[in-house]
Amino acid sequence: MKKVMCFGTFDVLHKGHEYYLKEAKKLGNYLVVVVALDETVRKVKGSLPVHNQETRLKNLQRLKLADKVILGNSSDRLKVIEDEK
């Protein structure tokens, strides 16, 4: 099995996000999407997202494009990669 991982904020989902995820899914047979934590978004972008991390996670799950949607890790950004191998 070839696993593909995508990372992003995914705040206010739009067709560009859908395209990104559909294209990523073509690269393997199992797609894991990692949603950035609110605190990570604030650090990287300088402000909080419009939707909180739980809402963004649920919105992605509703799209049903990913096999698994998870939140990032606040203490170790690489941990999600290690956990999914």
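This report covers the sheet, the helices packed on it, residue Q53 and the largest pocket. The model is a predicted one.

**Sheet**

An open sheet is built from 3 strands, ordered β1-β2-β3 and paired in parallel. The edge positions belong to β1 and β3 (68-71). Each of these has a single partner strand, so one side of each lacks a neighbour in the sheet. From one strand to the next, the twist averages 20°. Between β2 and β3 the parallel pairing runs over 4 bridges. V35 takes part here: its bridge partner in β3 is L71.

**Helices on the sheet**

Two helices are listed with the strands they lie across.

| Helix | Lies across | Angle |
|---|---|---|
| α1 (residues 15-25) | β1 and β2 | about 160° to β1 |
| α3 | β2 and β3 | about 170° to β3 |

**Q53**

Helix α3 spans residues 53-63 and includes Q53. What does the side chain of Q53 reach at 2.8 Å? The partner is the backbone nitrogen of D38. D38 is also among the residues that Q53 touches, along with V35, A36, L37 and L71; residues up to four places away in sequence are not counted. Two of these names return from the sheet: V35 and L71 are bridge partners, and Q53 touches both.

**Largest pocket**

The largest pocket holds about 190 Å³ of space. Its lining comprises 13 residues. Closest to the pocket centre are F7, V34, A36, G72 and R77. Of these, A36 is also touched by Q53. Which elements give two or more residues to the lining? They are β1 (3-8), β2 (30-35) and α4 (79-84). By residue class, the lining of the largest pocket divides into 8 nonpolar, 4 polar and 1 charged.

**In brief**

β2 appears in each part of the picture. It pairs with β3, lies under both α1 and α3, and gives two or more residues to the lining of the largest pocket.

Technical notes: Residues numbered from 1 in each chain as written. Predicted model: local features only at pLDDT ≥ 70, side-chain atom pairs only at ≥ 80, totals over all residues. Heavy atoms only, no water. 1 Å grid on protein atoms, 1.4 Å probe; cavity = no way out; pocket = protein on both sides within 12 Å on 5 of 7 lines; lining within 4 Å. Points joined across faces, edges and corners; volume = space filled by probe spheres on them. Nonpolar A, V, L, I, M, F, W, Y, C, P; charged D, E, K, R; others polar. Polar contact = N/O pair within 3.5 Å; in protein donor to acceptor, adjacent residues only side chain to side chain. Contact = heavy atoms within 4.5 Å. Pairing = 2+ DSSP bridges. Axes fitted to C-alpha atoms, helices over the stretch in contact; angles between N-to-C directions.
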